[in-house]
Amino acid sequence: MSAIKLDGNATAAAIKDELRERVSALRTKGVTPGLGTLLVGDDGASRSYVTGKHRDCAEVGVASISLELPASASFDEIADAVRELNDNPQVTAFIVQLPLPPGIDENAIIGLIDPAKDADGLHPENLGALVLGVNPTTVAPGPLPCTPAGIIELLNRHGVDVARKHVAVIGRGITVGRPLGLMLSRKGTDATVTLTHSRTPDLAAEVRRADVVVAAVGVPHLVKAEWIKPGAAVLDVGVTRTGTTSQGRAKLAGDVDPSVADVAGWLSPNPGGVGPMTRAMLVANVVDIAERKLAPHPSAPYATLKGTS
Ligand code: NAP
């Protein structure tokens with residue numbers, strides 16, 4: 001068997017086409033959505049992620065507002081920058097690029113983001129709304145975390161239905177695995193999820209039972225072909241830097257062994273799978289937030305809490 005490609009580049013391009021139209025509709029109503037970014041320090045990978053996010057915004061007509069601080073910035077200086085983005089009316093939503101320099105309490109910084117401007121969907125209020133929003137018809141979800149949203153969208157747009165299927169998620173990190181389990185098991189999505197991690201006693205056995213496997217770990221080629229049920233859909237999320245090319249570029253490896261392509265029914269390439277989808281969903285969150293401001297959902301959790309519904 002040779003797996004069908006879950007093509008993140010093509011799918012993200014299609015989503016951006018849709019977003020471009022939504023942004024131009026917003027502009028006719030006098031609204032230009034804007035993504036803010038806060039980059040602390042000069043980590044090469046973080047800088048290139050932020051640059052990529054601004055490039056995505058430019059492609060669909062979303063404005064970019066960029067703040068930078070040196071790696072030596074104190075907690076208070078970072079907190080002030082977050083408040084500046086909260087208060088800036090040109091910023092529809094923003095992200096704080098992670099990781100922050102060692103010694104800075106990331107959760108405390110994320111907690112300072114206005115939940116209504118939380119482009120990454122990682123503020124505790126929005127993660128709480130995700131837990132509460134088990135039934136999306138009664139409680140409107142806040143912004144959803146971008147990587148899990150991108151994974152579900154990638155599957156949907158390739159016709160891979162997860163309802164009544166068994167999904168094994170490897171990794172319980174807060175940006176991917178943990179929220180993905182919540183999102184897949186929502187009413188209406190209806191997957192049955194096994195959330196595994198480094199202390200799962202027999203990982204291979206859990207993965208072997210799954211119709212869909214999501215590897216969000218950061219261990220190169222952890223997932224082997226013999227772990228995969230023939231025909232399963234496999235999403236390779238993890239990214240590990242394994243060295244540097246002679247041109248000075250980072251050499252990257254995913255979590256999924258290349259031999260999995262011979263057993264799986266669908267496979268997301270890495271790069272070119274979940275990465276571009278994550279970026280597309282970030283821009284989608286900004287556009288969603290801008291649209292919701294014009295026409296708030298009657299039970300949007302943050303609208304209700306702030307008495308604006
Ligand atoms: P994280 O918070 O460090 O979580 C990693 C998870 O992997 C943890 O739950 C850990 O288990 C588990 N793990 C580690 N070794 C394992 C093993 N041998 N077997 C089973 N589980 C193991 O990382 P994250 O932020 O969730 O990100 C995960 C990976 O996805 C990273 O490589 C990251 O770069 C990548 N990523 C990619 C994208 C994208 O757009 N492509 C976006 C976000 C993240 P414990 O909890 O027990 O320690």
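L38 in strand 2 stands opposite V96 in strand 4, and that pair is a handy way into this predicted model. Strand 2 (residues 34-40) and strand 4 run parallel to each other, joined over four bridges. Here strands are DSSP runs (E, at least two residues) numbered from the N terminus, and two of them pair if DSSP finds at least two bridges between them.

A word on the ground rules: residues are numbered from 1 along each chain as its sequence is written, and side-chain values use heavy atoms, with hydrogens and water left out. Because the model is predicted, local features need pLDDT of at least 70 and side-chain atom pairs count only at pLDDT 80 or more, while totals for chains, interfaces and linings use all residues.

**The open sheet**

- Three strands make up an open sheet, in the order 3-2-4, with parallel pairing.
- Strand 3 (63-69) and strand 4 (93-96) sit at the edges with a single partner strand each, so one side of each has no neighbour in the sheet.
- From one strand to the next, the twist averages 15 degrees (axes are lines fitted to C-alpha atoms, and angles run from 0 to 180 degrees between N-to-C directions).

**The hairpin**

- Strand 9 (residues 240-244) and strand 10 (residues 250-253) go the antiparallel way, pairing over four bridges.
- G243 has K251 in strand 10 as its bridge partner.
- Five residues lie between the two strands of this hairpin, and G248 in the turn has a positive phi of about 85 degrees.

**The domains**

- The protein splits into domain 1 (20-118) and domain 2 (144-275), with bounds from an automatic or database domain assignment.
- Taken over C-alpha atoms, the centres of domain 1 and domain 2 are 27 Å apart.

**The ligand**

- There are 20 residues around the ligand (near means a heavy atom within 4 Å), and R172, T175, S198, V239 and T278 come nearest.
- By class, this shell has nine nonpolar, ten polar and one charged residues; Ala, Val, Leu, Ile, Met, Phe, Trp, Tyr, Cys and Pro count as nonpolar, Asp, Glu, Lys and Arg as charged, and the others, Gly among them, as polar.
- R172 has a polar side-chain atom 2.7 Å from an oxygen atom of the ligand.
- T175 places a side-chain N or O atom 2.9 Å from a ligand oxygen atom, and for T278 the distance is 2.9 Å too.
- On its own the ligand exposes 930 Å², and the protein buries 66% of that (Shrake-Rupley method, 1.4 Å probe).

Key:
A polar contact is a pair of N or O atoms within 3.5 Å; within protein, one must be able to donate a hydrogen and the other to accept it, and residues adjacent in sequence count only if both atoms are side-chain atoms.
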